[in-house]
Amino acid sequence: MRQLEQRILQDGRVLPGEVLKVDGFLNHQVDPDLMFAIGSEFAHLFRELGITKILTVESSGIAPAVMTGLQLHVPVVFARKHKSVTLIDDLFTAEVYSYTKKTSNQISISKKFLGADDKVLIIDDFLANGQAVQGLFEICDQAQAQIMGAGMVIEKVFQTGHQMIKDRGVRLESLAQITSFEGNRVHFASETTD
């Protein structure tokens, strides 16, 4: 998605440890027009799969997931990272490690929002090592929900998440695929195909 790649080049910052900071438009301050375009693209890519629910993890995946849900006309369910007095039992849970925050969280989804009749599309802001997606896979397995696809806004193709999703047999669509940060610059897979 050229619009997204241009925005990454314009406003993204490469940090030590192969971290890309995109907090100006994706995961702190959100650009709603860009999120709408991202949701449109995901809806286009997955429209024919009969999706009944979109899953993501709070909080950075919520904006692209909601925009996709809006255009597919399906509910969006986000896994909670923090315990709540209203979210205490009848939960599907999984443990997820965050590379950027260097912490583990137990993510949870209420059993009343996910079941065996659901066809799930997973949407998230980043795919690197795939820990968040793996946690959502575990929750879907517990619910016996069918995973139809995974849509990632930005993917670091040089890390292990891509292969983990492929090994699971799940269709993966990433809107911006980063091949390296060589020279402290973002390099996209599309550069080699243009």
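Lys and Arg count as positive and Asp and Glu as negative, while His and the chain ends are not counted. The place of a charge is NZ of Lys, CZ of Arg, CG of Asp or CD of Glu.

This is a predicted model, in which local features need pLDDT of at least 70, side-chain atom pairs count only at pLDDT 80 or more, and totals for chains, interfaces and linings use all residues. Residues are numbered from 1 along each chain as its sequence is written, and side-chain values use heavy atoms, with hydrogens and water left out.

**Exercise 1. Charges**

Task: State how many positive and negative side chains the chain has, and how far apart the centres of the two sets lie.

Solution:
- Step 1. There are 19 positive side chains and 24 negative ones.
- Step 2. The centres of these two sets are 3 Å apart.

**Exercise 2. Overall form**

Task: Compare the radius of gyration of the chain with that of a compact globule.

Solution:
- Step 1. The radius of gyration is taken over C-alpha atoms, and the globule rule is 2.2 Å times the number of residues to the power 0.38.
- Step 2. For 194 residues the compact globule would be near 16 Å; the chain has 16 Å, so the two agree.
- Step 3. Along the principal axes, the C-alpha atoms fill a box of roughly 50 × 35 × 30 Å.
- Step 4. Buried residues (buried means under 20% relative accessible area, exposed over 50%, partly exposed in between, with a 1.4 Å probe and protein chains only) make up 51% of the 194 residues.

**Exercise 3. The nonpolar cores**

Task: Describe the largest nonpolar core and name the elements that each supply at least two of its residues.

Solution:
- Step 1. A nonpolar core is a set of buried Ala, Val, Leu, Ile, Met, Phe, Trp, Tyr and Cys residues joined through side-chain atoms within 4.5 Å.
- Step 2. The largest such core has 31 residues, and Leu4, Ile8, Leu20 and Ile154 have the most contacts inside it.
- Step 3. Helices H1 (2-11), H2 (32-46) and H3 (62-72) and strands E7 (119-127), E8 (146-156) and E9 (172-180) each supply at least two residues of this core. Helices (H or I, at least four residues) and strands (E, at least two) are DSSP runs, numbered from the N terminus.
- Step 4. H2 gives the largest share of this core, six residues.
- Step 5. Separate from this is a second core of 27 residues, which includes Phe137, Cys140, Val170 and Leu172.

**Exercise 4. Two exposed helix residues**

Task: For Asp33 and Gln10, give the helix and the exposure.

Solution:
- Step 1. Asp33 is in helix H2 and counts as exposed because its relative accessibility is 62%.
- Step 2. Asp33 and Met67 are 34 residues apart in sequence, with their C-alpha atoms 9.9 Å apart.
- Step 3. Gln10 is in helix H1 and counts as exposed because its relative accessibility is 60%.
- Step 4. Gln10 and Leu172 are 162 residues apart along the chain, and 26 Å separates their C-alpha atoms.

**Exercise 5. Backbone details in loops**

Task: Describe the backbone at Ser59, Glu18 and His73.

Solution:
- Step 1. Ser59 is in the loop between strand E3 (53-57) and H3, and the peptide bond from Glu58 to Ser59 is cis, with omega near -5 degrees.
- Step 2. Glu18, in the loop between strands E1 (13-15) and E2 (19-21), is not a glycine but has a positive phi near 55 degrees.
- Step 3. Glu18 has a relative accessible area of 40%, so Glu18 is partly exposed.
- Step 4. His73, in the loop between H3 and strand E4 (76-79), also is not a glycine and has a positive phi of about 60 degrees.
- Step 5. His73 counts as exposed, because its relative accessibility is 70%.
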